[in-house]
Amino acid sequence: TDESKSNFNTLLTYFVIPRQAPRPSLPVVRGALGRARRGLLRADDRAPGVTPAPRAVRLPPGAFEELAAHAAREAPRECCGVLVGALDGDRVRVEEVRACRNRAATHDLYELDPEDFVAADAAAEARGFAVVGFYHSHPRGPERLSQVDRARAWPAYVYLLIFPEAGSGSGFSAWVQAREGADFTPVLIES
């Protein structure tokens, strides 16, 4: 449909065009997705549209191995994907990690394929969940978000990083930005 094509073009603009170029505002992008944070707002939120930043993310069994394997398969390029789940109090409960294709032209950047993102979002909604975060790898480190990662991030979503760790293969860190313009804070990763 024309609406689906418009939504896809909005996603393509957001994921492919760097932040320095004009990009749709978060409400426009979220409106195009139609459900990006559906069901994740707390009843006691003071302002409409305010989503509390999670303090922890709980991954499902086998997720660490799945994420490490995805990062190893894509190296030296960055791998990327989405975290599907729900907000559970002050924690994000991830039910599924979904790999996405990386459309970036360089090995040290990730750009989620918009078709993969739309498919993951639709599958999440069909199961009663939502996209609650994103993951990608830094094959050569570091274990924190890069400047580009921070510039492209959406507030209140969890950003999980996979990075090399001496002696153990892969390390993991998670980050969240409470609101646009705020600093990123680490999020506890639970399994």
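## Arginine 55 and aspartate 90

Arginine 55 and aspartate 90 form a salt bridge in which the closest N and O atoms are 3.4 Å apart. Because arginine 55 lies in the loop between helix H2 (26–33) and strand E1 (56–58), and aspartate 90 in the loop between strand E2 (80–88) and strand E3 (91–100), the pair ties together parts that are 35 residues apart in sequence. This is a predicted model, and the distances and accessibilities in this report are to be read in that light.

The two partners can also be described by their accessibility. Arginine 55 has a relative accessibility of 62% and counts as exposed, whereas aspartate 90, with a relative accessible area of 22%, is partly exposed.

## Arginine 58 and the shared network

A further salt bridge is formed by arginine 58 with glutamate 190, and here the closest N and O atoms are 3.3 Å apart. This pair links distant parts of the chain, since arginine 58 belongs to strand E1 and glutamate 190 to strand E8 (residues 188–190), with the two positions 132 residues apart in sequence numbering. Arginine 58 is partly exposed at 36% relative accessibility, while glutamate 190 is buried, its relative accessible area being 13%.

## Glutamate 96 and arginine 127

Glutamate 96 forms a salt bridge with arginine 127, with the closest N and O atoms 2.9 Å apart. Glutamate 96 lies in strand E3 and arginine 127 in the loop between helix H4 (114–126) and strand E4 (130–137), so this pair ties together parts that are 31 residues apart in sequence. Both residues are partly exposed, glutamate 96 with a relative accessible area of 24% and arginine 127 with a relative accessibility of 45%.

Turning to shared partners, salt bridges join Arg55, Arg58, Asp90, Arg91 and Glu190 into one network. Over the model, the count of salt bridges comes to 12.

## Helix H4 and its ends

The 13 residues of H4 should span 18 Å at 1.5 Å a residue, and the C-alpha atoms at its ends are indeed 18 Å apart, which agrees with that expectation. The buried residues of this helix are Pro114, Asp116, Phe117, Ala120, Asp121 and Ala124. Because these residues cover an arc of only 160° around the axis, they are placed on the same side of H4.

At the N-terminal end, H4 is capped by aspartate 113, which has a side-chain oxygen 2.9 Å from the backbone nitrogen of glutamate 115. Just after H4, glycine 128 takes a positive phi of about 85°.

## The eight-stranded sheet

The model contains an open sheet of eight strands, which has mixed pairing and follows the order E7-E6-E5-E4-E2-E3-E1-E8. Its edge strands are strand E7 (184–186) and E8, each of which pairs on one side only. From one strand to the next, the twist averages 35°.

In general, the strands of a sheet pair through backbone hydrogen bonds and may be either parallel or antiparallel. Here, E2 and E4 run antiparallel and are joined by six bridges, and leucine 83 stands opposite glycine 133 in E4.

The sheet also offers a way to place the salt bridge between arginine 58 and glutamate 190: arginine 58 is in strand E1 and glutamate 190 in strand E8, and E1 stands beside E8 at one end of the strand order.

Note on methods. Residues are numbered from 1 along each chain as its sequence is written. This is a predicted model: local features need pLDDT of at least 70, side-chain atom pairs count only at pLDDT 80 or more; totals for chains, interfaces and linings use all residues. Side-chain values use heavy atoms; hydrogens and water are left out. A salt bridge is a side-chain nitrogen of Lys or Arg within 4 Å of a carboxyl oxygen of Asp or Glu. Helices (H or I, at least four residues) and strands (E, at least two) are DSSP runs, numbered from the N terminus. Buried means under 20% relative accessible area, exposed over 50%, partly exposed in between (1.4 Å probe, protein chains only). The expected span of a helix is 1.5 Å times one less than its number of residues. The arc is that of the directions from the helix axis to the C-beta atoms. A polar contact is a pair of N or O atoms within 3.5 Å; within protein, one must be able to donate a hydrogen and the other to accept it, and residues adjacent in sequence count only if both atoms are side-chain atoms. Two strands pair if DSSP finds at least two bridges between them. Axes are lines fitted to C-alpha atoms, for helices over the stretch in contact, and angles run from 0 to 180 degrees between N-to-C directions.
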